Amino acid sequence: MSPPNKELTGHKLLLLVPWEPPAGYVDGLRARFPGLEVVHENWDTWSQPTLPPHLTEEDWSTVTVLLTGPKFPTREAAPRLQLVQLQSAGANFILDNPLFKDTNIAFCTANGVHGPQIAEWIVCTFLAYQHRIPYFLGLQRAHRIGADSSTRSGILGYGSIGRQVARVATALGMEVYAYTNRPRPTPESRRDDSYVLPGLGDPEGKLPSRWFSGTAPEELAAFLDSGLDLLVLAVPLTPLTRGLISGPQFELLARGRRTYVANIGRGPVIDTDALITALNTDAIRGAALDVTDPEPLPSDHPLWDAKNIIITPHVSGNSTSYNHRLLAILNINLERLSEGKDFMNRVSRKRGY
Ligand SMILES: NC(=O)c1ccc[n+]([C@@H]2O[C@H](COP(=O)([O-])OP(=O)(O)OC[C@H]3O[C@@H](n4cnc5c(N)ncnc54)[C@H](OP(=O)(O)O)[C@@H]3O)[C@@H](O)[C@H]2O)c1
């Protein structure tokens with residue numbers, strides 16, 4: 001870590017976002033950190049093929065902190081860069097980038113921003129299915145008349161999003177089983193210190209009645225075979241999670257209560273062909289997908305017509321509070337930079353998320 005630098009003297013923050021920072025935000029930063037130069041470039045790094053072409057070599061040479069999406073300068077172009085604050089919770093797109101792989105620049109995610117909306121989306125799609133709302137809407141359009149008891153949800157990826165799903169699910173009377181990458185045998189190990197809005201999530205890890213963990217196939221099998229009504233996929237996309245849920249896993253889900261599957265993580269965590277088979281053979285009750293593989297889904301793809309499916313176009317985490325929460329994480333990380341402390345939501349080069 002760098003030594004404390006209370007006023008962030010000599011630092012330059014480049015906000016590369018496709019929106020105006022809220023009124024007073026930049027002035028507030030300048031007042032809090034008088035040594036910090038703040039530059040805002042209205043630029044959509046998601047849709048634009050490059051970084052802003054009008055930024056010169058000199059502009060980049062002094063940037064130390066960068067708020068960006070999936071576009072990055074090279075190490076040579078931004079030699080003083082220390083901290084990259086990502087606009088997304090997923091960091092899969094940085095794993096092969098030399099700026100991440102071959103440097104020790106801190107990359108921090110937006111974990112914690114999406115949980116409130118995604119938890120609503122999960123519960124909304126699951127309850128819509130359980131109460132047969134799509135079916136009744138079909139009847140209504142045709143001008144025709146025409147829930148289960150205690151439910152158990154298994155949350156594969158008990159991180160920022162998974163913990164908020166658990167909060168909402170338990171409020172609805174559901175039982176929660178959690179799955180993490182790293183073992184969580186003690187109360188202390190169940191804590192999560194990533195960004196969370198006050199009063200939300202499960203930072204203490206108190207809500208699950210059972211914990212599963214690790215990458216051993218037997219452990220995943222035991223989890224999937226534990227009588228889940230709802231399986232929530234909230235893992236990042238890494239080499240270990242690609243194709244994690246495929247034919248054999250759907251067979252396990254079919255054995256118990258015929259699980260409903262919700263994927264808000266990344267599409268390739270599920271093998272799409274195996275999912276279509278599982279849906280069309282009633283091996284699972286249904287699926288709600290906010291993410292797909294491929295994404296976007298081509299208009300003639302068979303997944304659209306699979307039985308009991310709800311597909312949304314990667315929107316479950318959208319919210320009018322998104323930018324506000326993202327900037328709250330950036331602020332925390334600027335404070336930590338000024339105190340010489342390690343950052344919040346830092347992506348681990350070893351784990352890949
Ligand atoms: N649909 C959307 O709009 C949207 C929005 C935001 C995020 N996402 C996706 O959702 C993912 C999760 O977001 P988050 O904020 O909840 O992330 P997070 O806080 O980093 O949580 C990730 C969780 O997944 C677990 N995990 C990682 N690798 C695993 C593996 N191989 N096996 C089992 N568990 C594993 C982690 O275990 P440990 O606790 O042991 O580390 C952690 O509990 C993101 O990476 C992103 O891809 C999608």
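Start with the whole chain in cartoon view: this predicted model shows 10 helices and 12 strands. Keep the full view for a moment and turn it around. Along its principal axes, the C-alpha trace spans about 65 × 50 × 35 Å. The radius of gyration is 22 Å, which agrees with the value near 20 Å that a compact globule of 353 residues would have.

Now switch on the surface. About 16,400 Å² of the protein is accessible, and carbon and sulfur atoms account for 53% of that area. Buried residues make up 51% of the 353 residues. If you like to colour by charge, there are 34 positive and 36 negative charges to find, and their mean positions lie 6 Å apart.

**Stop 1: the ligand**

Hide the surface, select the ligand and show what surrounds it. Which residues come nearest? There are 30 residues around the ligand, and the nearest are Asn 111, Ser 160, Arg 182, Arg 184 and Tyr 353. Next, colour helix H6 (160-171) and strand E7 (175-180); each of these two elements supplies at least two residues of the shell around the ligand.

Zoom in on the oxygen atoms of the ligand and look at three partners in turn:

- Gly 159 places a backbone N or O atom 3.2 Å from a ligand oxygen.
- Ile 161 has a polar backbone atom 2.9 Å from an oxygen atom of the ligand.
- His 314 brings in its side chain, with a polar atom 3.4 Å from a ligand oxygen.

How much of the ligand does the protein bury? On its own the ligand exposes 940 Å², and the protein buries 95% of that.

**Stop 2: His 314**

Stay with His 314 and look at the backbone. This residue sits in the loop between strand E12 (309-311) and helix H10 (322-339). Its phi is near 55°, a positive value in a residue other than glycine. Is His 314 buried or partly exposed? With a relative accessibility of 32%, His 314 counts as partly exposed.

**Stop 3: Ser 194 and Tyr 195**

Go next to the loop between E7 and strand E8 (210-213), where Tyr 195 is placed. Ser 194 is in the loop between E7 and E8 as well. Select Ser 194 and show its side chain. One polar contact, at 3.2 Å, runs to the side chain of Ser 160, a residue you met among those nearest the ligand. Another polar contact, of 2.6 Å, joins the side chains of Ser 194 and Asp 192. Ser 194 is buried, with a relative accessible area of 13%.

Then click on Tyr 195, which is also buried, at a relative accessible area of 10%. Draw a distance from its C-alpha to that of Ser 213: the two residues are 18 apart along the chain, and their C-alpha atoms are separated by 22 Å.

**Stop 4: Thr 259**

Move on to the loop between helix H8 (247-255) and strand E10 (260-263), and pick Thr 259. Its relative accessible area is 1%; since under 20% counts as buried, Thr 259 is buried. Where does its side chain reach? The side chain of Thr 259 reaches the backbone oxygen of Leu 228, at 2.7 Å.

**Stop 5: the loop between E11 and E12**

Now select the stretch between strand E11 (286-289) and strand E12 (309-311), which holds Trp 304. Pro 294 lies in this loop, and so does Pro 296. Show the backbone atoms here and check the peptide bonds. The bond joining Asp 293 and Pro 294 is cis, with omega about 10°. The bond from Glu 295 to Pro 296 is cis too, with omega near 0°.

Follow the loop along to Trp 304, which is partly exposed, with a relative accessible area of 39%. From there, draw a distance to Ile 276: the two are 28 residues apart in sequence, and 9.4 Å apart in space, C-alpha to C-alpha.

**Last stop: Asp 282**

Finish in the loop between helix H9 (272-280) and E11, where Asp 282 is found. Like His 314, with its positive phi, Asp 282 has a positive phi, of about 60°, although it is not a glycine. Asp 282 is partly exposed, with a relative accessible area of 31%.

Conventions
Residues are numbered from 1 along each chain as its sequence is written. This is a predicted model: local features need pLDDT of at least 70, side-chain atom pairs count only at pLDDT 80 or more; totals for chains, interfaces and linings use all residues. Side-chain values use heavy atoms; hydrogens and water are left out. Helices (H or I, at least four residues) and strands (E, at least two) are DSSP runs, numbered from the N terminus. The radius of gyration is taken over C-alpha atoms; the globule rule is 2.2 Å times the number of residues to the power 0.38. Buried means under 20% relative accessible area, exposed over 50%, partly exposed in between (1.4 Å probe, protein chains only). Accessible areas come from the Shrake-Rupley method with a 1.4 Å probe; for residues, only the protein chains shown count as cover. Lys and Arg count as positive and Asp and Glu as negative; His and the chain ends are not counted. The place of a charge is taken as NZ of Lys, CZ of Arg, CG of Asp or CD of Glu. A residue is near a molecule or strand if one of its heavy atoms lies within 4 Å of it. A polar contact is a pair of N or O atoms within 3.5 Å; within protein, one must be able to donate a hydrogen and the other to accept it, and residues adjacent in sequence count only if both atoms are side-chain atoms.
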